[in-house]
Amino acid sequence: MTDDSWYDEAAGPLVRPYTITSGRTPSEGAQLDVSTQVMTLQTGQEPTGLGPEHLAITRLCRRPLSIAEIAVYVKLPLGVVRVLCADLIDRGLVITRSPSHQPAQAPDHETLQAVLDGLIKL
């Protein structure tokens with residue numbers, strides 16, 4: 001009989017997110033938002049000395065994926081994925097590309113009033 005006490009059918013693996021990151025949280029220096037694209041750099045061999053979550057990310061990111069997409073695929077919280085991706089950046093295994101953010105201009109008061117008036121008429 002195998003000991004599967006680390007796995008619960010309904011809950012999945014019983015490993016806490018802080019265990020995966022050794023208690024680390026996303027640093028302020030790493031500007032990894034949910035839309036940041038991550039891509040694995042091509043190397044001739046599989047990287048060594050990485051945890052299973054790190055390896056899963058390097059395999060997934062052979063094509064660019066956003067932080068949010070990675071979190072969905074590896075089934076981990078965004079904060080954990082940010083920490084893991086920062087580890088991979090530090091090791092030179094992935095590159096990132098942040099979308100260009102241009103501050104959105106708020107619509108003027110007349111436009112907002114016209115929208116409100118139109119909604120009221122519905």
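The exercises below work through a predicted model of one protein, each with a task and a stepwise solution.

**Exercise 1. The overall layout**

Task: State how many helices and strands the protein has, and find the pattern they follow along the sequence.

Solution. Begin with the count, which gives five helices and five strands. Next, read these elements along the sequence, and the pattern that appears is β-β-α-β-α-β-α-α-β-α. Then turn to the contacts with a separation of 6 or more, of which 66% are between residues 24 or more positions apart. Finally, consider burial: of the 122 residues of the protein, 25% count as buried.

**Exercise 2. The open sheet**

Task: Determine in which order the three strands of the open sheet stand, and explain why one side of E4 and of E5 is left without a neighbour.

Solution. As background, strands of a sheet pair through backbone hydrogen bonds, either parallel or antiparallel. In this sheet the order is E4-E3-E5, and the pairing is antiparallel. Strand E4 (65-66) and strand E5 (94-97) stand at the edges and have a single partner strand each, so one side of each lacks a neighbour in the sheet.

The next step is to follow the bridges of strand E3, which covers residues 37-40. Between E3 and E5 there are four bridges in the antiparallel sense, while two bridges join E3 to E4, again with the strands running antiparallel. Individual residues can be placed within these pairings: Gln37 stands opposite Ser66 in E4, and Gln37 also has a bridge partner in E5, namely Arg97. For Thr40, the bridge partner in E5 is Val94.

The last step is to separate the two faces of E3, where Val38 and Thr40 belong to the covered face, whereas Gln37 and Met39 belong to the uncovered one.

**Exercise 3. The largest nonpolar core**

Task: Find how many residues the largest nonpolar core has, and which elements give two or more residues to this core.

Solution. A general tendency helps to set the scene: in soluble globular proteins, nonpolar side chains tend to be buried together. Here the largest nonpolar core has 20 residues, and those with the most contacts inside it are Val38, Ile57, Ile70, Val81 and Cys85. The elements that contribute two or more residues are helix H2 (52-60), helix H3 (67-74) and helix H4 (78-90). Among the contributors, H4 provides the largest share of this core, with six residues.

To see one of these core residues in its surroundings, take Val38 and leave aside residues up to four places away in sequence; its contacts then include Ile67, Ile70, Cys85 and Val94.

**Exercise 4. Buried, partly exposed or exposed?**

Task: Classify Ile67, Val80, Leu60 and Lys75 by their relative accessibility.

Solution. The cut-offs needed are under 20% relative accessible area for buried and over 50% for exposed, with partly exposed in between.

- Ile67 lies in helix H3 and, because its relative accessibility is 0%, counts as buried. The C-alpha atoms of Ile67 and Thr36 are 5.8 Å apart although the two residues are 31 apart in sequence, and the residues that Ile67 touches include Thr36, Val38, Val81 and Cys85.
- Val80 lies in helix H4 and is buried, because its relative accessible area is 7%. Between the C-alpha atoms of Val80 and Glu53, which are 27 residues apart along the chain, the separation is 9.8 Å.
- Leu60 lies in helix H2 and is partly exposed, because its relative accessible area is 26%. Beyond residues up to four places away in sequence, Leu60 touches Leu65, Tyr73 and Val74.
- Lys75 lies in the loop between H3 and H4 and counts as exposed, because its relative accessibility is 72%. Lys75 is not a glycine, yet it has a positive phi of about 55°.

**Exercise 5. The second largest pocket**

Task: Give the volume of the second largest pocket, and divide the residues of its lining into nonpolar, polar and charged.

Solution. First, the volume of this pocket is about 160 Å³. Second, the lining includes Thr40, Leu41, Gln42, Pro47, Arg59, Arg62 and Leu93. Third, the division of the lining gives three nonpolar, five polar and three charged residues. Thr40, which lines this pocket, also belongs to the covered face of E3.

Key: Residues are numbered from 1 along each chain as its sequence is written. This is a predicted model: local features need pLDDT of at least 70, side-chain atom pairs count only at pLDDT 80 or more; totals for chains, interfaces and linings use all residues. Side-chain values use heavy atoms; hydrogens and water are left out. A nonpolar core is a set of buried Ala, Val, Leu, Ile, Met, Phe, Trp, Tyr and Cys residues joined through side-chain atoms within 4.5 Å. Buried means under 20% relative accessible area, exposed over 50%, partly exposed in between (1.4 Å probe, protein chains only). Contact means heavy atoms within 4.5 Å. On a 1 Å grid over the protein atoms alone, a cavity is a set of points where a 1.4 Å probe fits but cannot get out, and a pocket is an open set with protein on both sides within 12 Å along at least five of seven lines; lining residues have an atom within 4 Å of a point. Grid points are joined across faces, edges and corners, and a volume is the space filled by probe spheres set on the points. Ala, Val, Leu, Ile, Met, Phe, Trp, Tyr, Cys and Pro count as nonpolar, Asp, Glu, Lys and Arg as charged, and the others, Gly among them, as polar. Two strands pair if DSSP finds at least two bridges between them.
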